[in-house]
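Here's a quick walk through one protein model, from its overall build down to a handful of side chains. Have the viewer open and follow along.

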Amino acid sequence: MDGRSLSVLFVLCGAIFLEGIDVAMLNVALPAIRTDLGLSTGALSGLVSAYVLGYGGFMLLGGRAADLLGRRRMFLTWLVVFLVFSGLGGVATEGWMLLTARFVTGVAAAFLAPAGLALVTAAFPDGPLRTRALGIYAGIAAGGYTLGLVAGGLLVTIGWRWVFFAPVILAAVLLLAALVLVKDDEEQRAPRTGRFDLAGALSITGAMLLLAYAVVRLEHGTAGLATTVLVGAGGLLLLGVFVAVERRAADPLVRLEILRNAALARTNLTALLFIGAFAGFQFLVTLYLQEIRGWSPLETGLAMLVVGLDTVLAPTLTPWLVGRFGNTRVLFAGLATAALSYLLFLPVAPDWTYAAMLPSFVLVGMAFALAYGPLTMASTAEVDEREHGLAGGLLYTAIQFGTALGISGVTAVSVVAGGAGRITLDGIRTALLLPIAAVLVAALVTAFSLRRRVSTPPNAPDAPEPQAVASA
């Protein structure tokens with residue numbers, strides 16, 4: 001990579017890192033926000049749900065908009081929106097103001113993330129160079145979630161509003177750099193023909209919003225179950241309407257044939273299960289450290305800082321491993337490592353030392369380094385470059401729904417198993433079975449892909465480039 005290519009890559013990596021730390025820092029700041037603004041538990045949960053609704057509801061539309069309206073244009077426009085509404089969250093004095101800011105910030109991320117991924121694949125040619133670029137991109141994205149915990153803990157000690165103001169500063173720097181460095185490719189600059197599929201956009205956005213809300217409601221368990229079922233049914237109905245609209249549209253928002261891509265379906269299912277398991281595990285660890293052990297948010301963040309080793313391993317080791325052994329084998333190794341990590345934490349005790357927890361945290365970091373990059377690479381490997389925005393939208397939709405499912409699932413199980421609606425150690429141990437099961441299913445899905453690998457080893461003469469064998 002030359003200097004300009006590296007500069008472009010780090011600007012795009014900065015945007016996905018921004019999204020990761022924004023989510024992680026808010027999670028750490030929630031208790032302080034509740035105390036200062038006097039929010040109820042429901043309103044506090046709504047801050048997380050609002051972001052999930054905006055992100056999950058608009059992600060597919062955001063991915064397709066990047067392909068149709070220009071990736072650079074969408075990236076810059078929604079980076080500005082992200083900046084503005086993160087700032088508004090920092091000056092909020094009422095719960096509804098924070099809820100609005102988080103929802104719109106989630107919408108901005110839904111347009112920003114797939115545009116950024118598509119710009120990365122457009123900036124680097126298919127082959128080892130793109131594999132390395134995507135490895136760096138995925139590693140920095142994963143690092144945002146882990147390092148955000150520590151950054152959030154530090155900022156909360158100054159004041160929770162800095163959890164919103166810090167992303168504003170980073171977004172402003174990225175915006176200035178992107179205006180100069182980030183360019184669309186020639187095909188993206190070409191004028192678009194045809195009409196925008198408004199009916200498809202409205203139906204898929206409505207479907208995703210309802211489905212995301214239904215997933216968020218799962219954490220309430222049987223309370224309000226009828227409403228959850230009705231909301232989910234409404235989402236599925238709108239999804240059916242969307243499919244019917246797309247079959248008849250002259251210029252469909254989503255080419256339905258891409259949804260029949262078996263490799264793409266396996267990739268997104270694996271991403272949903274893997275990220276859901278990680279989100280659930282991380283949430284349970286946070287409950288254990290803060291609710292059971294009484295640790296502070298900063299102590300919790302520092303304890304899990306070692307998980308951030310994926311920020312170093314993913315850009316350096318993972319691309320080499322993919323080139324040497326192929327994408328699917330590396331992904332499978334990551335999933336197996338995650339399963340081992342969660343199993344090691346299963347016998348957690350009320351007086352565990354940090355040394356007893358450390359092996360699980362180290363293995364989680366290694367698992368993320370081995371799995372997240374290959375999932376990102378596989379998401380666009382068998383997709384036409386003109387639809388890389390849509391492919392990115394599908395991947396990040398799976399990731400967001402996985403996160404929501406993972407947290408909602410372990411919350412419901414831990415409360416039910418704990419009894420009397422309380423968080424107990426027995427409840428946490430029982431809920432840990434859910435991440436273990438999810439990641440084992442993901443490993444089975446990936447194991448099925450191992451049987452379909454190209455017979456020629458990736459490093460053999462005349463072998464295809466790593467991207468060619470990157471179906472997961």
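## Overall build

How much of the protein chain do buried residues make up? Of its 472 residues, 56% are buried. Keep in mind that this is a predicted model.

As for secondary structure, the protein chain has 16 helices and zero strands. Its radius of gyration comes out at 21 Å, close to the 23 Å from the globule rule for 472 residues, so the chain is as compact as a globular protein of that length. Along the principal axes, the C-alpha atoms fill a box of roughly 55 × 50 × 45 Å.

## Contacts, surface and charge

Take the contacts between residues at least 6 apart in sequence: 83% of them join residues at least 24 apart. A concrete case of sequence distance versus spatial distance is Leu37 with Thr93, which sit 56 residues apart in sequence but have C-alpha atoms 7.0 Å apart. Leu37 belongs to helix α1. Once neighbours within four places in sequence are set aside, Leu37 touches Ala92, Thr93, Leu98, Trp160 and Arg161.

On the outside, the protein chain exposes about 18,400 Å², with carbon and sulfur atoms supplying 68% of that area. On the charge side, there are 29 positive and 27 negative charges, and their mean positions lie 3 Å apart.

## A buried pair between helices

Side chains of opposite charge can pair when their charged atoms come close. In this model the count comes to four salt bridges. One of them joins Asp22 and Arg102, whose closest N and O atoms are 3.0 Å apart. This pair links distant parts of the chain, with Asp22 in helix α1 (residues 3-37), Arg102 in helix α4 (residues 95-123), and their positions 80 residues apart.

Are the two partners buried or exposed? Asp22 has a relative accessibility of 1%, so it counts as buried. Arg102 is buried too, at a relative accessible area of 2%.

Asp22 also turns up in the surroundings of Thr105, a residue of helix α4. Leaving out neighbours within four places in sequence, Thr105 is in contact with Asp22, Tyr51, Phe82, Phe85 and Ser86. Why does Thr105 count as buried? Because its relative accessibility is 1%, and the cut-off for buried is under 20%.

## A helical-turn pair and a small network

Asp426 and Arg429 form another salt bridge, with an N to O distance of 2.8 Å. These two are three residues apart in helix α16 (residues 425-450), so about one helical turn separates Asp426 from Arg429. At 26% relative accessibility, Arg429 counts as partly exposed.

Which residues do salt bridges with shared partners join into one network? They are Arg64, Asp67 and Arg71. Within that group, the side chains of Arg71 and Asp67 meet at 3.2 Å, N to O. Both Arg71 and Asp67 are buried.

## Where to look

To revisit the main stops, begin with the Asp22–Arg102 salt bridge, which links helix α1 to helix α4. Then move to Thr105, also in helix α4, and check its contact with Asp22. Finish in helix α16 with Asp426 and Arg429, then with the network of Arg64, Asp67 and Arg71.

Key: Residues numbered from 1 in each chain as written. Predicted model: local features only at pLDDT ≥ 70, side-chain atom pairs only at ≥ 80, totals over all residues. Heavy atoms only, no water. Helix = DSSP H or I, 4+ residues; strand = E, 2+ residues; numbered from the N terminus. Buried < 20%, exposed > 50% of the residue type's maximum accessible area, 1.4 Å probe, protein only. Rg over C-alpha atoms; globule rule 2.2 N^0.38 Å. Contact = heavy atoms within 4.5 Å. Areas by Shrake-Rupley, 256 points an atom, 1.4 Å probe, with all protein chains shown as cover. Lys, Arg positive; Asp, Glu negative; His and termini not counted. Charge placed at Lys NZ, Arg CZ, Asp CG, Glu CD.
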